[in-house]
Amino acid sequence: MQQKPLTVAIMQPYFLPYIGYFQLMAAVDVFVLYDNIKYTKKGWINRNRFLKNGQDAVFSLPLKSDSDSLNIDAREVSAAFTPSELLNQWRNAYRKAPYFDEVLPVLESIVNYPQRNLFAFLHHAVCSICTYLNITTKIVISSEVNIDHQFKSQAKVLAICRALGATRYINAIGGQALYDHATFSQHGIELSFIHSHLTPYPQFNHAFVPWLSIIDCMMFNSKAALHSMIHDSYDLV
């Protein structure tokens, strides 16, 4: 019996990432979340952008001070983190948005999650947003995949894909320089990249600010509109 084609994507967990992250997730059969890779300070693992008075502003999840060499699954959310303060930032920014009342309970459940392990916190947040967006893609944690986890970069991606039986791997388009089509093809895996599109939507009466956290899309768009944005607004190259 011929194996059913299996499409895989692999990403770091990010705190309430932009809509392209969820487009990638919805485009695959299995979405692997890295937990056993190094935390990076200057990335988007524990911060993102939202709309504040017509401009983009950063919100963040404070972390316990610790070694920069630790993996994501070894970092902790700071004991000083006050969920109500973060919620108030979002309330002040979006209270007049058309879907505020629907979205706020989702955000409350995310920031009030009792686990302080960073990966567990982010994993819960991603799953909560997927539930709201009706994304049913299977999520797998990278450390649970049976490979040699000393592999790095493309070798690690290939090992995960092979362990899962992937026939296609899709990556964010920003990673085009990191992966080689011929190498993937040698392992029987098609390599593609997702190119996200975003049609401007009303953000109160301000000029449109694109690529903010998924929060912004959720606050200003119905679930039907979000479904179209996630499933129809990208190309695979």
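1. In this note, two residues are said to be in contact when heavy atoms of theirs lie within 4.5 Å. The structure discussed here is a predicted model. With that meaning of contact, and leaving aside neighbours within four places in sequence, D216 is in contact with L51, Y94, Y201 and Q203.

2. The setting of D216 deserves attention. This residue is found in helix α7, which spans residues 214–220. Is D216 buried or exposed? A residue counts as buried when its relative accessible area is under 20%; D216 has 0% relative accessibility and is therefore buried. One of its contacts, L51, is 165 residues away along the chain, yet the C-alpha atoms of D216 and L51 are separated by 7.0 Å.

3. Another partner of D216 is Q203, which lies in the loop between β7 (190–196) and α7. Q203 has a relative accessible area of 1%, so this residue is buried as well. Apart from residues up to four places away in sequence, Q203 touches L51, F208, V209, L212, D216 and F220. L51 thus appears among the contacts of both D216 and Q203.

4. The strand pair around L51 comes next. Strand β3 (residues 47–52) and strand β4 (residues 55–60) run antiparallel and are joined by six bridges. Within this pair, L51 stands opposite D56 in β4. The hairpin of β3 and β4 has two residues between the strands, and N53 takes a positive phi near 55° there.

5. The model also contains an open sheet of six strands, in the order β5-β2-β1-β6-β7-β8, with mixed pairing. Which strands stand at the edges of this sheet? They are β5 (138–141) and β8 (234–236); each has a single partner strand, so one side of each is left without a neighbour in the sheet. On average, neighbouring strands are turned by 30° against each other, direction ignored. In general, strands of a sheet pair through backbone hydrogen bonds, either parallel or antiparallel.

6. At the β5 edge, the partner is strand β2 (residues 30–33): the two run parallel and are joined by four bridges. One residue pairing can be named, since V140 in β5 is the bridge partner of V32. Helix α4 packs on the sheet and touches β2 and β5, its direction making about 170° with that of β5. Helix α5 (residues 153–164) also packs on the sheet, where it touches β1 (7–11), β2 and β6 (168–172); the direction of α5 makes about 140° with that of β1.

7. Helix α4 (residues 118–133) has a helix partner too. Its axis and that of helix α1 (residues 19–26) come within 12 Å and cross at roughly 75°. Angles of 65 to 115 degrees count as roughly perpendicular, and α1 and α4 are therefore described in this way. The contact is made by Y21, F22 and M25 of α1, together with V126, I129, C130 and L133 of α4. What is the character of these residues? Seven are nonpolar, while none is polar and none is charged.

8. Finally, the largest nonpolar core has 86 residues, and those with the most contacts inside it are F15, W90, Y94 and L133. Helix α4 supplies the largest share of this core, ten residues. Two of these names have appeared above: Y94 is in contact with D216, and L133 takes part in the contact of α1 with α4. As for F15, residues that it touches include W44, I45, F59, L61, W90, F121 and L122.

How values were computed:
Residues are numbered from 1 along each chain as its sequence is written. This is a predicted model: local features need pLDDT of at least 70, side-chain atom pairs count only at pLDDT 80 or more; totals for chains, interfaces and linings use all residues. Side-chain values use heavy atoms; hydrogens and water are left out. Axes are lines fitted to C-alpha atoms, for helices over the stretch in contact, and angles run from 0 to 180 degrees between N-to-C directions. Angles under 35 degrees count as roughly parallel, over 145 as roughly antiparallel, 65 to 115 as roughly perpendicular and the rest as oblique. Ala, Val, Leu, Ile, Met, Phe, Trp, Tyr, Cys and Pro count as nonpolar, Asp, Glu, Lys and Arg as charged, and the others, Gly among them, as polar. Two strands pair if DSSP finds at least two bridges between them. A nonpolar core is a set of buried Ala, Val, Leu, Ile, Met, Phe, Trp, Tyr and Cys residues joined through side-chain atoms within 4.5 Å. Buried means under 20% relative accessible area, exposed over 50%, partly exposed in between (1.4 Å probe, protein chains only).
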